[in-house]
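Below are some notes for a colleague who is opening this model for the first time. Please keep the sequence and the structure at hand while reading the points in turn.

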Amino acid sequence: MNAGNPAAASSFSVVIGSGTTAQLYRRPRAVLRGNDVASALAALAQVDRALADGFHVAGYVAYELGAHFAGLPQAASTGSLVALGVFEAPEPFAPHAYEGASIAPPRPRIDRTIYDHEVARIARAIYDGEVYQVNYTVPFDVAWSGDVLSLYTRIAARAQAPYCACVLDGDRAVLSWSPELFLAFDGERIETRPMKGSASLECSDDLQNEKNRAEHVMIVDLLRNDFSKVCDEVDVTALLTVERYPTFATMTSTVRGRLRGNAGFADVIAATFPCGSVTGAPKRAAMAAITRAESHPRGVYCGSVGFLTPQRRGWWNVAIRTMQLDRRNACARFDAGGGIVADSLADDEWHEVVLKSRFLDAAIEPFSFWETFANRDASTMERHLERLAATARTFSIPFSMQAARAALGSTQADGIAPALLRLRLGLDGTLRTASEPLAPTPEPVDVCIADARLNSGDPMLAFKSSWRPAHASAALQASATACFDAILLNERGEVVEGARTNVFARIGGRLVTPPLRAGALPGILRSRIVTEQGADEIPMTRDDLRRAEEIFVGNSARGLLRARLREECCEVVDPTLIYPYVIEPKLTTAIWGGHALVRRFGKAGDPDATIGESWECWDTNLIANGPLAGSSIAQLRERLGAALLGTIDATQAFPVLTKFIDARDWLSVQVHPDDAYAQRVEHQANGKTECWYVLHADAGAELVLGWTRDTDRAEYERRVADGTLGEILRRVPVKAGDAFYLPAGTLHAIGKGIIVYETQQASDLTYRIFDWNRAGADGTPRELHVKKASDVLDYHAGKRGAVEPIAYHFGNLDRTMLIADPRFIVERINATQEDASMFLHERPAIISALERPLTLHCNGNTVTLAPYNTALVPAACEWARVRAGNAPAPFLLVTLPRTVDDAAIRLLAAGVDQARIDRFLTQFQP
């Protein structure tokens with residue numbers, strides 16, 4: 001018995017079926033393989049002997065072997081023509097968990113112009129009497145990731161096809177989710193069940209129209225003739241039966257025959273292969289027409305995958321709805337097609353091709369194509385829209401240029417502040433927009449070499465989409481190393497591009513850039529520089545970047561930027577550790593605390609205890625979800641560094657503390673020092689500026705905020721001593737929705753009956769001035785800090801009341817900016833049932849849900865925040881998507897500005913009038 005290559009045999013295995021009844025053949029005794037016609041025929045001839053020896057046979061036969069049986073010149077082929085494993089009995093196959101196994105949308109290798117041309121050419125051949133029907137198919141390129149068997153399991157669960165099979169063959173794999181039976185063997189009987197005609201479930205009645213019935217009967221007659229070559233009895237036992245599957249309906253018939261006594265497996269294959277339903281009629285003429293029309297060999301597609309037991313029982317499918325994978329390069333091929341007859345219309349046939357690929361949607365994660373650009377150049381925006389329109393045509397996605405322009409609105413108009421615009425196109429044609437301020441980028445920017453590698457054959461590299469796993473890893477590395485971008489190399493070690501930029505270098509006086517064949521995205525800026533500045537497209541290596549006189553990176557949003565290559569070693573963060581961290585709150589009791597945080601806000605604690613504060617996000621809080629559950633934020637700082645904090649110093653404490661405060665009674669009258677005093681006197685990094693957002697206030701509730709009139713240190717100390725300080729404390733009425741800003745030095749106290757969300761600098765420096773003459777938990781008065789307070793108090797008359805917030809619409813969200821301090825920006829935002837994106841500005845973000853649950857999606861991970869729970873989004877996520885449930889969900893967003901102008905830049909980018917911005921920001925000036 002020809003065993004083939006023993007090394008290859010060890011990696012050959014076959015899964016037959018799906019679900020709980022699936023069987024796995026592995027560890028073959030031999031692999032009967034044929035890479036040319038002679039060896040393929042020899043392999044087929046050995047099947048009957050293997051069965052007679054008590055072995056099982058399972059594997060595949062490629063379509064191109066059929067040319068020999070049809071008497072045609074041998075067509076080009078890819079891989080083996082025959083690969084059949086000889087196995088002991090199979091074992092049950094446990095379907096794999098398919099988390100992480102996914103594909104990108106299939107991309108056709110030919111466009112509609114070529115398809116329409118070939119359909120017309122086939123129609124002419126039919127009119128000329130050369131052929132009656134031709135099964136014309138279209139190859140699609142597919143990027144995939146994850147485990148092969150997990151991917152097979154995932155799609156099989158959706159396809160619900162009766163003849164699923166998977167072959168692992170070294171560096172190749174064949175995944176077939178076929179609903180069509182080519183041959184069923186049961187001793188001396190064989191059966192075939194050809195499919196012809198497909199329709200959507202909604203239009204299944206169309207299958208019985210005259211065209212489909214005539215086309216179907218033609219193929220049934222062809223298969224009856226094929227069976228008659230090896231059978232004494234041939235019967236059609238069922239004709240024109242409609243079958244329904246999850247994504248389509250089809251029509252089948254059943255043909256049965258009794259084999260002649262000397263007919264073996266090789267004889268049956270020679271008489272019937274390939275199945276006439278995937279060739280056309282007459283078979284020989286149809287196959288010749290297919291060779292003329294299709295420029296790519298089909299391989300196993302339209303061949304057959306199956307198995308036989310020693311009792312000569314088993315089945316072989318028609319390998320349609322089949323994917324052929326390259327396991328080394330993470331790329332694959334999928335094909336779909338249909339029968340062309342005299343009255344076929346190209347539009348209808350193309351629609352059928354698209355319909356037949358829809359079952360793959362089960363393995364496509366939430367996906368979109370996107371274009372990112374600045375609002376400063378209308379011509380650049382048009383080029384991006386044209387590129388998106390071309391992408392839509394390639395993937396047969398409905399797209400309207402007019403609708404795209406309308407979605408962008410007036411964001412590209414003159415006078416609007418610089419903004420980064422992102423336009424997303426879903427596979428269903430849905431358009432979504434997001435926009436964020438675009439601040440100037442100081443040069444030179446630092447870049448590093450990414451650890452991740454691109455496969456230049458990945459068919460999705462030519463498109464800007466959410467399928468960019470190597471780019472996502474590179475972006476994470478750039479953030480973790482505080483670089484502007486990370487430059488990717490391909491499998492050959494050639495420079496390709498950055499995670500978000502194209503790469504250029506000046507070498508020997510020439511401006512050069514990697515060629516598109518290296519795997520580079522055809523960027524808009526890149527195209528202009530190649531065309532207008534004559535940049536040469538040549539392969540580049542890491543050494544080329546090292547010796548370059550200048551390095552540049554850029555995209556159409558930021559332009560061309562001078563860059564500096566950093567090659568020092570850095571530990572790169574595992575991408576699975578970057579996700580939205582749900583925070584465990586820390587509750588503290590207080591003599592002035594109440595019961596609302598447990599009883600009303602749902603915090604885990606004693607409902608009868610007087611809980612004063614729930615710390616939501618600071619160094620000592622623990623993570624409640626994911627792989628980092630149980631770690632503190634301080635530990636995350638140490639482990640993740642820039643991936644968590646962006647450009648913030650990870651060696652220092654988390655810079656802000658957010659908390660809920662429930663004041664059943666008055667808090668003490670107090671004041672906090674500024675940074676300079678904290679450093680000089682307390683030897684701490686910073687003082688404390690804070691703010692409050694009022695969630696609840698009893699009727700008549702008040703707080704203390706400064707003095708009723710100007711005073712001085714002497715009067716303050718005298719009134720503290722004689723107990724009359726309360727006479728000059730300024731009381732301010734409070735209602736839910738108010739926001740208050742308290743810069744360091746402000747005298748303040750929260751009044752009873754008030755619940756607030758506080759954001760503060762991370763400091764415990766509080767100087768208590770007056771505590772309403774009450775005792776502490778130990779029965780003695782709490783310590784006062786009169787002297788230090790006198791050093792830091794602002795003695796001017798209090799003028800601050802509730803902040804006048806500024807409402808605006810940005811990134812499909814209704815937002816209200818409450819506080820704009822150089823240390824933190826606090827906003828109240830309403831999420832709706834539609835996804836909306838927020839840019840993180842290369843800094844972490846704190847998100848606290850209010851009265852309704854909030855769904856948060858970042859870096860491929862989704863969490864749902866319960867009301868009044870908090871999540872910390874690491875800087876490396878770059879974007880965060882939010883969505884409400886059945887009703888709008890308000891939430892609070894705390895971000896850490898990069899510059900004192902960040903708030904103004906955001907508002908300008910949203911089109912807010914400069915005068916309004918100035919009035920708002922004046923409230924936060926000293």
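1. The model is predicted, and a good place to begin is Ser396, which counts as partly exposed because its relative accessibility is 29%, a value that falls between the limits of 20% for buried and 50% for exposed. Ser396 sits in the loop that runs between helix H11 (378-394) and helix H12 (401-408), and although Ser396 is not a glycine, its phi is positive, at about 55°.

2. A positive phi also appears at Arg321, which is not a glycine either and has a phi of about 45°. Arg321 belongs to the loop between strand E19 (313-317) and strand E20 (322-326), and its relative accessibility is 6%, so Arg321 counts as buried. Both angles deserve a second look because most residues other than glycine have a negative phi.

3. Two peptide bonds that lead into a proline should be checked as well. The bond joining Phe273 and Pro274 is cis, with omega at about -10°, and Pro274 is placed in the loop between helix H8 (265-272) and strand E17 (280-281). The bond from Glu443 to Pro444 is likewise cis, with omega near -5°, and Pro444 is in the loop between strand E24 (431-437) and strand E25 (445-454). As background, most peptide bonds are trans.

4. Finally, on the surface, Val217, Val236 and Leu239 make up a nonpolar patch whose accessible area together is about 210 Å². Within this patch, Val236 is part of strand E15 (residues 231-245), and Val236 counts as partly exposed because its relative accessibility is 34%.

Notes
Residues are numbered from 1 along each chain as its sequence is written. This is a predicted model: local features need pLDDT of at least 70, side-chain atom pairs count only at pLDDT 80 or more; totals for chains, interfaces and linings use all residues. Side-chain values use heavy atoms; hydrogens and water are left out. Patches are made of residues with over 30% relative accessible area and no salt bridge: like charges are joined within 9 Å, nonpolar side chains (Val, Leu, Ile, Met, Phe, Trp, Tyr) within 5 Å. Accessible areas come from the Shrake-Rupley method with a 1.4 Å probe; for residues, only the protein chains shown count as cover. A salt bridge is a side-chain nitrogen of Lys or Arg within 4 Å of a carboxyl oxygen of Asp or Glu. Helices (H or I, at least four residues) and strands (E, at least two) are DSSP runs, numbered from the N terminus. Buried means under 20% relative accessible area, exposed over 50%, partly exposed in between (1.4 Å probe, protein chains only).
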